[in-house]
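Ready for a few exercises? Take a look at the model below, try each task yourself, and then walk through the solution.

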Amino acid sequence: MLLHIPEVFTKTQVLELRRALDAGPWVDGASSAGPLAAEAKHNMQFSTESPHYAALSQTIMTALERQPLFVSAALPQHILPPMFNRYAVGNTYGDHVDNAIQMDRRTGLRVRTDISVTVFLSEPEEYEGGELIVEDTYGSHEVKLAAGDAILYPSSSLHRVEKITAGERVASFLWVQSLVSDAWQRSMLFNLDMTLLKLRSQVGNTEEIVALTGHYHNLIRQWAD
Ligand code: NI
């Protein structure tokens, strides 16, 4: 499932983030990829050694955690600290699948990557190329969103970032270990939650909706790790 979350950040917040990120330093993006992915990865990454990194990363995490769509779709158990990448002209990230396990450098915890998230921090008009292409069971999807918007996609999917031919593309990216590891179960829970939300707004908290909500939570109890 691919899910577009609009307006995680306002345009003003995006500008503030971009201003702070511009200060750098930026390092070779291949340093954070596994050996296979590193061969395909040609971009820059905001240094995690920067004194500004922790606060910037936290800003992304906090904003996402406040998004009901993100929480419902991801059912997050662990969120790896968001990082930032920058693609200049000629940069690209060829077809790859994200590493299944990533180390959370704050806690040393090994986290299973179920969901990949990209938060776009450049407007689509600022660059040419740079589309995120995600291949899933339903085919190939091209993603290029407004600055401040986010996309969630399965970490297990083959994906790439097309070569930049003009301008520059800045984004934040992160991984989530979900309470529910199975993507299909997660997607059913998300659909159920969204339908319940709509029903509740149409008819209020009827006895039947309360009962269905109970089923939703009991399914999470069944399926959560
Ligand atoms: Ni990736």
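**Exercise 1.** Which residue ranges does the domain assignment give for domain 1 and domain 2?

*Solution.* Keep in mind that you're looking at a predicted model. Step one: domain 1 covers residues 3-178. Step two: domain 2 covers residues 183-223. Step three: put a distance on the pair, and you'll find their C-alpha centres 30 Å apart.

**Exercise 2.** Describe how domain 1 and domain 2 touch.

*Solution.* Start with the head count: nine residues of domain 1 are in contact with seven residues of domain 2. Next comes the area. The size of an interface is often given as the accessible area lost when the parts come together. Here about 620 Å² is buried between the two domains, with 67% of that coming from carbon and sulfur atoms. Who does the work on the domain 1 side? Ser72, Ala73 and Leu75 supply 59% of the area that domain 1 buries against domain 2, more than any other three residues.

Now look for polar links. Zero salt bridges are counted between domain 1 and domain 2, and one residue pair is in polar contact. Helix H4 (residues 68-74) gives the most to the domain 1 side, with four residues. Sorted by class, that side has six nonpolar, two polar and one charged residues.

**Exercise 3.** Find the residues that coordinate the nickel ion.

*Solution.* First, list the donors: His96 (NE2), Asp98 (OD) and His159 (NE2) hold the nickel ion at 2.1 to 2.2 Å. Second, check how they're spaced along the sequence: the pattern is H-x1-D-x60-H. Third, place the two histidines. Histidine 96 is in strand S7 (residues 92-96) and histidine 159 is in strand S15 (residues 158-161), so this pair, 63 residues apart, links distant parts of the chain.

**Exercise 4.** Why does the salt bridge between arginine 18 and glutamate 126 tie together separate parts of the sequence?

*Solution.* Side chains of opposite charge can pair when their charged atoms come close. A search of the whole structure turns up ten salt bridges. In one, the side chains of arginine 18 and glutamate 126 meet at 3.3 Å, N to O. Arginine 18 sits in helix H1 (residues 11-22), while glutamate 126 is in the loop between strand S10 (115-120) and strand S11 (127-129), so the bridge joins parts that are 108 residues apart in sequence.

**Exercise 5.** Where are the unusual backbone angles?

*Solution.* Most residues other than glycine have a negative phi, and most peptide bonds are trans. Glutamate 7 has a positive phi, near 50 degrees, and is found in the loop between strand S1 (3-5) and H1. The peptide bond from glycine 24 to proline 25 is cis, with omega near 5 degrees. Proline 25 lies in the loop between H1 and strand S2 (26-28).

Conventions: Residues are numbered from 1 along each chain as its sequence is written. This is a predicted model: local features need pLDDT of at least 70, side-chain atom pairs count only at pLDDT 80 or more; totals for chains, interfaces and linings use all residues. Side-chain values use heavy atoms; hydrogens and water are left out. Domain bounds come from an automatic or database domain assignment. Contact means heavy atoms within 4.5 Å. Buried area is the accessible area (1.4 Å probe) that two parts lose on being put together, summed over both. A salt bridge is a side-chain nitrogen of Lys or Arg within 4 Å of a carboxyl oxygen of Asp or Glu. A polar contact is a pair of N or O atoms within 3.5 Å; within protein, one must be able to donate a hydrogen and the other to accept it, and residues adjacent in sequence count only if both atoms are side-chain atoms. Helices (H or I, at least four residues) and strands (E, at least two) are DSSP runs, numbered from the N terminus. Ala, Val, Leu, Ile, Met, Phe, Trp, Tyr, Cys and Pro count as nonpolar, Asp, Glu, Lys and Arg as charged, and the others, Gly among them, as polar. Donors are N, O and S atoms within 2.8 Å of the metal (3.2 Å for Na, K and Ca); water is not among the atoms, so sites may look incomplete.
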